Amino acid sequence: MALLGPELLALLILLIILLRPKVITEIGRGLGELVREFKRGESEEKRKLVKVAEDLGIDPRGKSDEELLEEIRRKLFAQNPQGEVGDA
């Protein structure tokens, strides 16, 4: 009798668990660190965006990142309508 999808998958999982539990824990730990770093990066970007908005006098509450970016662009363009960058 041939092993089909679910049976083969169960057998492979069982072999991995029995033979290499350390490898599985290392993979799980690595994935957990990856998720934490990704979330940390997202939250840092959000904090920076909120700080810029607040510095420009924009209320960031209840606004998405895209809405904040658009308001920041409008505010900066209103301050400098010629599109010049820096002090020339």
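A salt bridge is counted here where a side-chain nitrogen of Lys or Arg lies within 4 Å of a carboxyl oxygen of Asp or Glu. By this rule the count for the structure comes to 7 salt bridges. The model is predicted, and the exercises below treat its helices, its core, its loop and its surface in turn.

**Exercise 1. Describe the secondary structure of the protein, and compare the expected and actual spans of α2.**

Solution. Step one is the inventory: the protein has 3 helices and 0 strands. Read from the N terminus, the order of elements is α-α-α. Helix α1 covers residues 5-19, while α2 covers 21-55 and α3 covers 65-79.

Step two is the span of α2. The expected span is 1.5 Å times one less than the number of residues. For the 35 residues of α2 this rule gives 51 Å, and the end C-alpha atoms are 51 Å apart, so the two values agree.

Step three concerns what comes just after α2: G57 there takes a positive phi of about 85°.

**Exercise 2. Identify the residues of the largest nonpolar core and the elements that supply them.**

Solution. Begin with the extent of burial: 8% of the 88 residues count as buried. The largest nonpolar core has 6 residues in all, namely L49, A53, L56, I58, L68 and I72. Two elements, α2 and α3, each give two or more residues to this core.

Next, take L56 as one member of the core. Leaving aside residues up to four places away in sequence, L56 touches I72, K75, L76 and Q79.

**Exercise 3. Is I58 buried or exposed, and which residues does I58 touch?**

Solution. First, locate the residue: I58 lies in the loop between α2 and α3. Second, apply the cut-off, by which buried means under 20% relative accessible area. I58 has a relative accessibility of 8% and therefore counts as buried.

Third, list the contacts. With residues up to four places away in sequence left out, I58 touches A53, K63, L68, E71, I72 and K75. As for E71, 13 residues separate it from I58 in sequence, whereas the C-alpha to C-alpha distance is 7.6 Å.

**Exercise 4. Work out how E70, R73 and R74 are linked.**

Solution. Start with the pair E70 and R73, whose side chains form a salt bridge with an N to O distance of 3.7 Å. The two residues are 3 apart in helix α3, and so are separated by about one helical turn.

Continue with E70 and R74, which also meet in a salt bridge, at 3.7 Å from N to O. Here the separation is 4 residues in helix α3, again about one helical turn. The underlying geometry is that an α-helix has 3.6 residues a turn, so residues three or four places apart point the same way.

Combining the steps, E70, R73 and R74 are linked in a network of salt bridges. As to accessibility, E70 is partly exposed at 35% relative accessible area, and R73 is partly exposed at 48%.

**Exercise 5. Which residue forms a salt bridge with R61, and how do the two partners differ in accessibility?**

Solution. The partner of R61 is D59, with the closest N and O atoms 3.0 Å apart. R61 has a relative accessibility of 67% and counts as exposed. D59, with a relative accessible area of 37%, is partly exposed.

**Exercise 6. Characterise the surface and the nonpolar patch that includes L15.**

Solution. The accessible surface of the protein comes to about 7800 Å², and 63% of that area belongs to carbon and sulfur atoms. A nonpolar surface patch of about 660 Å² is made by L8, L11, L12, L14, L15, L18 and L19.

Among these residues, L15 is placed in helix α1. Its relative accessible area is 41%, so L15 is partly exposed.

Conventions
Residues numbered from 1 in each chain as written. Predicted model: local features only at pLDDT ≥ 70, side-chain atom pairs only at ≥ 80, totals over all residues. Heavy atoms only, no water. Core = buried A, V, L, I, M, F, W, Y, C linked by side-chain atoms within 4.5 Å. Buried < 20%, exposed > 50% of the residue type's maximum accessible area, 1.4 Å probe, protein only. Contact = heavy atoms within 4.5 Å. Areas by Shrake-Rupley, 256 points an atom, 1.4 Å probe, with all protein chains shown as cover. Patch = residues over 30% accessible without salt bridge, like charges linked within 9 Å, V, L, I, M, F, W, Y side chains within 5 Å.
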